[in-house]
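Reader: Hey, I'm new to this one. Could you walk me through it?

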Amino acid sequence: MSHLKLHIPGPVEISQKTFKAFSTPMVGHRGQKFKDLYGRIQPRLQKLFKTQGLVYLSTSSAWGVMEGSLRNLVKKKVLNCMCGAFSDKWFDVSQRCGKEADSLKVDWGSPILPAMIDEKLATGQYDVLTLVHNETSTGVMSPLGDIASLKSKYPEVMFIVDTVSSFSVVDIPFDSLGIDVLLTGSQKALALPPGLGLFTVSKAALERASTVNDRGYYFDFCEFEKNAAKSMTPSTPSIGHIYALESKLEDIFEEGIQNRWDRHADLAQMTRDWAARNDFTLFPEKGYESNALTCINNGAKAGGRIIDVAKLQGLVKDQGIMMDGGYGKIKGATFRLSNMGDETEETMNHLFQVLDECLKKL
């Protein structure tokens, strides 16, 4: 069966080097070899997260950690910031977990802004805030630095931030931001197979978690902290993922973190330029476009070219590439092109060449 090159917003294309590392012979997860593996990668994870704290590894998608964060930290009421399919879902999950929850909701394509949050938190109703930094469904990146600055005004509110599609794409300095939970997943810009969650938490979050009785076990922050201090995980880890992560960290630090951020920014701009050359407009509000993927307007908003997205997907697939046709309620009215992970100018130019050829056939 022939492989389709992935230019969807996750999972992204995986290198042969990463796959080789993923298939490293197994070791016992309670033995010294596993402790050595986790111990080797911990300092680099801390550099990537920009934290002095420990970075935890969860055998789950990022959604597991997102739900776990609610179970660990919400005692009073959570404010869920909603600007797209995945941030909208967090509100649903909050309610399913039996937590008191309110929504701060904006139109899809718009960012969450600090003033909106400030107005809500000023009521004193909330002890937790959730934010999706880069909303994958809409290609909108909200201004995390400006939002995090509110933490000093509301120190009792736990700030939980999903960076699933922005981690290693842009600078997200956990300690200096002062937020409480930073979580991500393996299948986006880290360019690893799906199934591994990575996160770090503040001391305040650990203290809060220790006072919550119904936080469960699998995603218990206190268990993660206790085990990570010994280079262990609370439950059986996906060891293949962690070997692959070690290999990917080698790649990231060989490239250089700043170079990685710059590369993602350059490739995202190339994609926006391609859209403009072909008379498409962008779905996000100007100035809030993602550097991980580009959400292109196809009738969801006024202006710009309109095409048959499903037909374009089929034509591109015939050329060996999988592209995205939009997500949720804007499926077909938008389409998304990913540049995250290991993509280069060469691979993106090949994508644009294929798209140009296929557009002529519509």
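Author: Sure, here is a short tour of some strands, cysteines, loops and backbone angles.
Author: This is a predicted model, where local features need pLDDT of at least 70, side-chain atom pairs count only at pLDDT 80 or more, and totals for chains, interfaces and linings use all residues. Residues are numbered from 1 along each chain as its sequence is written, and side-chain values use heavy atoms, leaving out hydrogens and water.

Reader: Ok, strands then. Is β5 buried or exposed?
Author: Buried: 5 of the 5 residues of β5 (128–132) are buried, so the strand is largely enclosed by the rest of the structure. Buried means under 20% relative accessible area, exposed means over 50%, and partly exposed is in between, with a 1.4 Å probe and protein chains only. Strands here are DSSP runs of E with at least two residues, helices are runs of H or I with at least four, and both are numbered from the N terminus.

Reader: And which residues sit on each side of β5?
Author: Val128, Thr130 and Val132 are on one side, with Leu129 and Leu131 on the other. In general, side chains in a regular strand alternate between the two faces of the sheet.

Reader: What does β5 pair with?
Author: β3 pairs with β5 in the parallel sense over 3 bridges, and 5 bridges join β5 to β8 (158–162), also parallel. Pairing needs at least two bridges found by DSSP between the strands. Thr130 stands opposite Asn80 of β3 and opposite Ile160 in β8.

Reader: Tell me about Asn80. What does its side chain bond with, polar-wise?
Author: The side chains of Asn80 and Ser94 share a polar contact of 3.1 Å. That term means a pair of N or O atoms within 3.5 Å; within protein, one must be able to donate a hydrogen and the other to accept it, and residues adjacent in sequence count only if both atoms are side-chain atoms. Asn80 lies in β3 (78–82) and is buried at 0% relative accessibility. Setting aside neighbours within four places in sequence, Asn80 is in contact (heavy atoms within 4.5 Å) with residues including Trp90, Phe91 and Thr130.

Reader: New topic: how many disulfides are there?
Author: A search of the whole structure finds 0 disulfides, meaning pairs of cysteine sulfur atoms within 2.5 Å. Cys83 is in none, as the nearest cysteine sulfur, that of Cys81, is 8.0 Å away.

Reader: Why is Cys295 not bonded either?
Author: Because its closest cysteine sulfur, in Cys83, is 12 Å away, too far for a bond. Cys295 is buried, with a relative accessible area of 1%, and Cys83 also counts as buried at 1%.

Reader: What about the backbone, which peptide bond is cis?
Author: A cis peptide bond joins Gly10 and Pro11, with omega about 0°. Pro11 is in the loop between β1 (5–6) and α1.

Reader: And which residues have a positive phi without being glycine?
Author: Ser231 has phi near 55°, and Asp279 has phi of about 65°. Most residues other than glycine have a negative phi, and most peptide bonds are trans. Ser231 is in the loop between α9 (221–228) and α10 (239–255) and is buried at 18% relative accessible area. Asp279 is in the loop between α11 (257–277) and β11 (293–297) and is exposed at 55%.

Reader: Last one: where is Val27?
Author: Val27 is in the loop between α1 (16–22) and α2 (32–49). Val27 and Gly240 are 213 residues apart in sequence and 9.6 Å apart in space, C-alpha to C-alpha.
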